[in-house]
Amino acid sequence: MRRLSAIVIGALALAACGEREAAPTPAEKAAAAVKPSDAVKTAPAVLTPVDLRRVCRAGLAAIHGQQPGAVAIDGVEGEVVHASWRAPVDGGRMRADCRVEKDLIVWKPLDLPDPTFVRWMNQSDDPVVRYVMDGETITITQTLPDGTTEQAELAVPAEEEAR
């Protein structure tokens with residue numbers, strides 16, 4: 001009887017150790033936390049070419065601690081915006097590519113000494129960068145891998161992008 005009890009308890013313990021769901025990534029946590037409201041502006045379904053450049057300018061400025069006017073748009077290929085800005089340390093040029101997927105801003109640093117770091121920043125350990133447009137103001141919200149958020153409201157006039 002004692003042996004049977006041990007077997008039953010052991011079987012129950014093993015059953016309780018079954019597979020568990022994987023922990024959500026920062027992007028999944030951020031997506032679950034954002035609930036749209038009728039009172040809050042959201043990202044448009046499709047960006048115009050001018051708004052794509054505005055959103056990438058604002059996103060890269062917020063990510064890299066720059067003012068939007070300091071980020072130059074060097075060109076656009078399809079849905080990818082090429083941008084650059086003055087490097088704060090040595091005065092050289094920092095360059096990055098940017099694309100927008102729904103309300104997410106995804107970017108890729110360029111010209112880094114280690115080519116393994118030249119990749120789209122959309123992996124589970126990367127910050128999640130979202131945007132919301134309200135006229136000339138673009139709000140950038142970065143959700144860091146530890147769950148903390150940073151938010152910046154940046155004015156990026158459409159007239160600057162029309163040039």
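These legends go with a few close-up views of a predicted model.

**View 1. A disulfide joins Cys-56 and Cys-98.**
Start with the two sulfur atoms, which sit 2.1 Å apart. A bond of this kind is covalent and links the sulfur atoms of two cysteines. If you go looking for others, the count for this structure comes to one disulfide. Check the twist too: the torsion about the S-S bond of Cys-56 and Cys-98 is about -80 degrees, so this disulfide is left-handed.

**View 2. The Cys-56 and Cys-98 disulfide, seen with the elements it connects.**
Zoom out a little from the disulfide between Cys-56 and Cys-98. Cys-56 belongs to helix α3 (residues 49–64), while Cys-98 belongs to strand β3 (residues 93–101), so the pair ties together parts that are 42 residues apart in sequence. Are these cysteines buried or exposed? Cys-56 has a relative accessible area of 0%, which makes it buried. Cys-98 is buried as well, at 0% relative accessibility.

**View 3. Helix α3 from end to end.**
This helix has 16 residues, and from its first C-alpha to its last it reaches 23 Å. That is close to the 22 Å expected at 1.5 Å a residue. Just after α3 comes Gly-65, with a positive phi near 65 degrees.

**View 4. The surroundings of helix α3.**
How many residues of α3 are buried? The tally is 12 of the 16, so the helix is largely enclosed by the rest of the structure. Among the buried ones are Leu-52, Val-55, Leu-60 and Ile-63. The buried set also includes Asp-51, Arg-53, Arg-54 and Arg-57, along with Cys-56, the α3 partner in the disulfide.

**View 5. Arg-54, a buried arginine in α3.**
Pick out Arg-54 in helix α3. With a relative accessibility of 3%, Arg-54 counts as buried, because the cut-off is under 20%. Which side chain does the side chain of Arg-54 touch in a polar contact? Look for Asp-51: the contact between the two side chains is 2.9 Å. Now find Ile-138, which is 84 residues from Arg-54 along the chain. The C-alpha atoms of Arg-54 and Ile-138 are separated by 8.3 Å.

**View 6. Arg-99 over the ring of Trp-120.**
Here the charged end of Arg-99 sits over the Trp-120 ring, 4.1 Å from the ring centre. As for aromatic pairs, the structure holds zero.

Conventions: Residues numbered from 1 in each chain as written. Predicted model: local features only at pLDDT ≥ 70, side-chain atom pairs only at ≥ 80, totals over all residues. Heavy atoms only, no water. Phe/Tyr/Trp six-rings, centres within 6.5 Å; stacked < 30°, edge-to-face > 60°. Lys NZ or Arg CZ within 6 Å of the ring centre and 35° of its normal. Disulfide = S-S within 2.5 Å. Helix = DSSP H or I, 4+ residues; strand = E, 2+ residues; numbered from the N terminus. Buried < 20%, exposed > 50% of the residue type's maximum accessible area, 1.4 Å probe, protein only. Expected span 1.5 Å × (residues − 1). Polar contact = N/O pair within 3.5 Å; in protein donor to acceptor, adjacent residues only side chain to side chain.
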